[in-house]
Amino acid sequence: MISGEITGLFATTVGGVPKPSVDSIQVQSVGIKDEIIRDKKHHGGAEKAVCLLAQEIVDELRASGHPIAGGTTGENILLNVPFSSLRPGVRLQFQNVLLEITMAASPCKTIKESFLNHNFSLLSDKKYPGKTRWYARVLVEGTIRQGENVIINSDA
């Protein structure tokens, strides 16, 4: 098991990106309460209820000059865990919420402003395995708060 901490929470009540920073999110089986999802074909729903990203990836991209920041690529939760610890089947235990990663979130042009030359494919799991955002399903609903710890069960 690996433990880490939340470094950012993000949700939007108007849709799109960037998602503004929030102090807490209320996680429900089909997504974040009151969050507006414009493209429901590709985002949201039970298998894509929450979007996660490792802080390590943001830091690496910023160090290379990319203007990425928390919330600019549509993630709900930014975590200070090794990106390699996140993959389908992994469970994330927060204080009151349990999530399970279901799949990589394919990057799209809506997040292009977070990258030099609009190279949003830098978050492609197919091109750069593991260096991506992840979708998760909600196994236990509840509230997640900024700065909370997370335990990752990587026995999947």
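These numbered points go through the barrel, its core and three individual residues of a predicted model.

1. Overall fold. Seven strands form a closed barrel. Their order is β1-β5-β4-β8-β7-β6-β10, and the pairing is mixed. On average, neighbouring strands of this sheet are turned by 40° against each other, direction ignored. Helix α1 packs on the sheet. The helix touches β1 (2-9), β4 and β5. The direction of α1 makes about 55° with that of β4.

2. Pairings of β8. Strand β8 covers residues 133-140. On one side, β8 runs antiparallel to β4 (residues 50-54), joined by three bridges. Cys51 has Tyr135 of β8 as its bridge partner. Strand β7 (residues 98-105) also pairs with β8 in the antiparallel sense, over seven bridges. In that region of the chain, Ala105 stands opposite Arg133 of β8. As background, strands of a sheet pair through backbone hydrogen bonds, either parallel or antiparallel.

3. Nonpolar core. The largest nonpolar core has 38 residues. Ile77, Leu92, Phe94 and Leu99 touch the most other members. Several elements each supply at least two residues: β1, β2 (24-28), β4, α1, β5, β7, β8 and β10 (149-153). Strand β4 gives the most, with four residues.

4. Ile77 in detail. Leaving aside neighbours within four places in sequence, Ile77 has a long contact list. From the N-terminal part of the numbering come Ile6, Gly8, Leu9 and Ile25. Val50, Cys51, Leu52 and Leu53 are also in contact with Ile77. Phe94, Leu99 and Ile144 complete the list. Two of these partners, Phe94 and Leu99, are named with Ile77 among the core residues that touch the most other members.

5. Thr73. This residue is found in the loop between α1 (55-63) and β5 (77-79). Is Thr73 buried or exposed? Thr73 is buried, because its relative accessible area is 0%, and the cut-off for buried is under 20%. The side chain of Thr73 makes a polar contact with the side chain of Glu75, at 2.5 Å. Not counting residues up to four places away in sequence, Thr73 touches Val17, Leu53, Ile68, Ile111, Ser114, Phe115, Leu123 and Arg133. Arg133 is the residue of β8 that stands opposite Ala105.

6. His66. The loop between α1 and β5 also holds His66. His66 is buried, with a relative accessible area of 10%. Neighbours within four places aside, His66 is in contact with Leu61, Ser114, Phe115, Leu116 and Leu122. Ser114 and Phe115 appear among the contacts of Thr73 too.

7. Thr7. Thr7 lies in strand β1. Thr7 counts as partly exposed because its relative accessible area is 32%, and that class runs between the 20% and 50% cut-offs. Which side chain makes a polar contact with that of Thr7? The partner is the side chain of Gln55, at 2.7 Å. Residues up to four places away not counted, Thr7 touches Gln55, Leu78, Leu79, Asn80 and Gln146. Glu56 is 49 residues from Thr7 along the chain, and their C-alpha atoms are separated by 11 Å.

How values were computed. Residues are numbered from 1 along each chain as its sequence is written. This is a predicted model: local features need pLDDT of at least 70, side-chain atom pairs count only at pLDDT 80 or more; totals for chains, interfaces and linings use all residues. Side-chain values use heavy atoms; hydrogens and water are left out. Two strands pair if DSSP finds at least two bridges between them. Buried means under 20% relative accessible area, exposed over 50%, partly exposed in between (1.4 Å probe, protein chains only). A polar contact is a pair of N or O atoms within 3.5 Å; within protein, one must be able to donate a hydrogen and the other to accept it, and residues adjacent in sequence count only if both atoms are side-chain atoms. Contact means heavy atoms within 4.5 Å. Axes are lines fitted to C-alpha atoms, for helices over the stretch in contact, and angles run from 0 to 180 degrees between N-to-C directions. A nonpolar core is a set of buried Ala, Val, Leu, Ile, Met, Phe, Trp, Tyr and Cys residues joined through side-chain atoms within 4.5 Å.
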